[in-house]
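Trainee: I have a structure open and I would like to learn how to read it. Where do we begin?

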Amino acid sequence: MIVEDPQRTSEIERKTKEVSIVAKIDLDGKGISKINTGIDFLDHIIISFSKHSKIDIQLNAKSEDGIKHHLIEDIGIVLGQAVDKALGKREKINRFGNATIPMDEAVSSVSIDLIKRQYSHLDLKLDREKIEDISQEDIIHFFQSFIGNLECCMHITVHYGANDHHKIESAIKATAVALRSAIKIDPDNGGGELPTTKGLM
C-alpha cells in the first residue's frame, strides 16, 4: 500500500484597518505565480522568488490606509505564515538549504535552517535610500517580516555589487534556491522522522 504525502498547500488571509491580503501557496508547485501588490518592484521580487523556489504563489494585496510601509511589512508577514503553515510539522524535509547566486556584477549567499528558532542576519549592502519604488528600509523590513513569520534561521549576505537592484535580485533568488532545497522532502526519510535530534522542530 502506497501512502502519498498530503498536499503541502496553504491559504492565509490578513485583513486589518491597514491592509487586505490573501495568499495561496503550493510548496510542491512549478514556480507559477499571480501577484498583485500594487507595488511594481515588490511584484517583481515575489515573482522571482516563486519562479526560483518552485513554490506556486497567488497573492492579492491592497492597502487600506495608503501607507506603503504597512503593505510591504504585512505581505512579508503573510508570505512567511503561508510557507510555515504549508510545512506543517516539518517532518521529512531536508531542513537545511544554501545557495550562492549571481546577478550580473552582484553576488549573494543565503543559508537556511528550518528549525523553528527565529534568527535573521541581513547584510544587503544597499547604497541608495530608494530602490525603484521601495525605500531601502522597507526592503530590509520585508525580508525580516518574512523570516520572522516563517520561524526559521536565515542568513542573507550580499558579497558585492554596484547596482542595488541587482543586489536585491541576487539576494531574493539565493533565498528562493536555498529554501527550495530546505523544504524538499528527504527521500531517505521514509519513516517520517523530524530532521532534528531534539525530537521537536
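Mentor: We will go through the sheets, then the helices, then the cysteines.
Keep in mind that this is a predicted model.

Trainee: What holds the strands of a sheet together?

Mentor: Strands of a sheet pair through backbone hydrogen bonds, either parallel or antiparallel.
Take the sheet with the order β1-β2-β4-β3.
Four strands form this open sheet, and its pairing is mixed.

Trainee: Which strands are at the edges of that sheet?

Mentor: β1 (9-15) and β3 (33-36) are the edge strands.
Each pairs on one side only.
From one strand to the next, the twist averages 5 degrees.

Trainee: Do β1 and β2 pair in the parallel or the antiparallel sense?

Mentor: Antiparallel, over seven bridges.
Strand β2 covers residues 19-26.
For one bridge, find T9: its partner in β2 is D26.

Trainee: Which helices pack on this sheet?

Mentor: Helix α1 packs on it and touches β3 and β4 (56-63).
The direction of α1 makes about 165 degrees with that of β3.
Helix α2 (residues 68-87) also packs on the sheet.
α2 touches β1, β2 and β4, and its direction makes about 150 degrees with that of β1.

Trainee: What is the strand order in the sheet that holds β5?

Mentor: The order is β5-β6-β10-β7.
Four strands form this open sheet, with mixed pairing.
The edges are β5 (96-103) and β7 (119-123), and each pairs on one side only.
Here the twist averages 10 degrees from one strand to the next.

Trainee: How does β10 pair with β6 and with β7?

Mentor: Look at each side in turn.
β6 and β10 are antiparallel, joined over seven bridges.
β7 and β10 (residues 153-160) run parallel, and five bridges join them.
Now find H155 in β10.
H155 is the bridge partner of S111, and H121 stands opposite H155 too.
Another residue to find is Y119, whose bridge partner in β10 is C153.

Trainee: Where do helices α3 and α4 lie on this sheet?

Mentor: Helix α3 (residues 136-150) lies across β7 and β10, running at about 160 degrees to β7.
Helix α4 (residues 164-183) packs on the sheet and touches β5, β6 (106-113) and β10.
The direction of α4 makes about 150 degrees with that of β5.

Trainee: How do I read a helix pair such as α1 and α4?

Mentor: Check the distance, the angle and the residues that meet.
The axes of α1 (residues 40-53) and α4 come within 8 Å.
They cross at roughly 35 degrees.
The crossing is right-handed.

Trainee: Which residues of α1 meet α4?

Mentor: Among them are F41, I45 and F49 in α1.
On the α4 side, the residues include I168, I172 and L179.
By class, this contact has eight nonpolar, six polar and three charged residues.

Trainee: How many disulfides does the structure have?

Mentor: A search of the whole structure finds zero.
A disulfide needs two cysteine sulfur atoms within 2.5 Å.
Take C152: its closest cysteine sulfur is in C153, 7.1 Å away, so the two are too far apart for a bond.
C153 is in no disulfide either.

Trainee: Are C152 and C153 buried or exposed?

Mentor: Compare the relative accessible area with the cut-off: buried means under 20%.
C152 has 0%, so C152 is buried.
C153 has 19%, so C153 is buried as well.

Methods:
Residues numbered from 1 in each chain as written. Predicted model: local features only at pLDDT ≥ 70, side-chain atom pairs only at ≥ 80, totals over all residues. Heavy atoms only, no water. Pairing = 2+ DSSP bridges. Helix = DSSP H or I, 4+ residues; strand = E, 2+ residues; numbered from the N terminus. Axes fitted to C-alpha atoms, helices over the stretch in contact; angles between N-to-C directions. Contact = heavy atoms within 4.5 Å. Buried < 20%, exposed > 50% of the residue type's maximum accessible area, 1.4 Å probe, protein only. Left-handed = near helix turned anticlockwise from the far one by under 90°. Nonpolar A, V, L, I, M, F, W, Y, C, P; charged D, E, K, R; others polar.
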